Amino acid sequence: MSSLLFPLLILALLVPMFLGMRKQKKAVAATSEMQDSLQVGDRVQTTAGLYATIASLDDDTVDLEIADGVITTWSRLVIRERVVETTETDEYDDDSISEIEESATDTEIRLTKES
């Protein structure tokens, strides 16, 4: 029994380490693929948390427009992700909001019934 303990212990330590390395390798490959597919006009976020629009691209650098007319040059490796602009839509229209809101008397009745 004790002769099996050491190999099982080694196996128990190596399997999670191997799986972690695979996951990290996939994440690096996905980031590298995203950085290679960048185009002028894409909205991106840097590793420093800066949101900007790509003004121009070189092999190793990227020019980011952080405000109207303000362009800075960064290493291409600092691009963390491409930002997808989403439009916010109201979940409720004006008619359904009036149905959701309750009057003060309705609130008082509801609270007194619960207690």
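**Exercise 1. Place Met 17 and classify its exposure.**

Solution. At 49% relative accessibility, Met 17 counts as partly exposed, because that class lies between buried (under 20% relative accessible area) and exposed (over 50%), with a 1.4 Å probe and protein chains only. Met 17 sits in helix 1 (residues 2-36); helices (H or I, at least four residues) and strands (E, at least two) are DSSP runs, numbered from the N terminus.

Before going on, note that this is a predicted model, in which local features need pLDDT of at least 70, side-chain atom pairs count only at pLDDT 80 or more, and totals for chains, interfaces and linings use all residues. Residues are numbered from 1 along each chain as its sequence is written, and side-chain values use heavy atoms, leaving out hydrogens and water.

**Exercise 2. Find the salt bridge and describe what it links.**

Solution. Start with the criterion: a side-chain nitrogen of Lys or Arg within 4 Å of a carboxyl oxygen of Asp or Glu. Searching the whole structure gives one salt bridge. Its partners are Asp 42 and Arg 82, whose closest N and O atoms are 3.2 Å apart. Asp 42 belongs to the loop between helix 1 and strand 1 (43-46) and Arg 82 to strand 5, so the pair ties together parts that are 40 residues apart in sequence. Now check the exposure: Asp 42 is buried at 16% relative accessible area, whereas Arg 82 is partly exposed at 33%.

**Exercise 3. Examine the surroundings of Arg 76.**

Solution. First locate Arg 76, in the loop between strand 4 (70-75) and strand 5 (79-82). Next, look for a charged partner: Arg 76 is buried yet has no salt bridge, and the nearest side chain of opposite charge, Asp 36, is 5.0 Å away. Finally, list contacts (heavy atoms within 4.5 Å): beyond four places in sequence, Arg 76 touches residues including Asp 36, Asp 58, Asp 59 and Asp 60.

**Exercise 4. Identify the largest nonpolar core and explore one member.**

Solution. Look for buried Ala, Val, Leu, Ile, Met, Phe, Trp, Tyr and Cys residues joined through side-chain atoms within 4.5 Å. The largest such core has eight residues: Met 34, Leu 38, Val 44, Ala 52, Ile 54, Val 62, Leu 64 and Ile 79. At least two residues of this core come from each of strand 2 (51-57) and strand 3 (61-67). Then pick Ile 54: leaving aside neighbours within four places in sequence, its contacts include Leu 38, Val 44, Val 62 and Leu 64.

Notes
Lys and Arg count as positive and Asp and Glu as negative; His and the chain ends are not counted.
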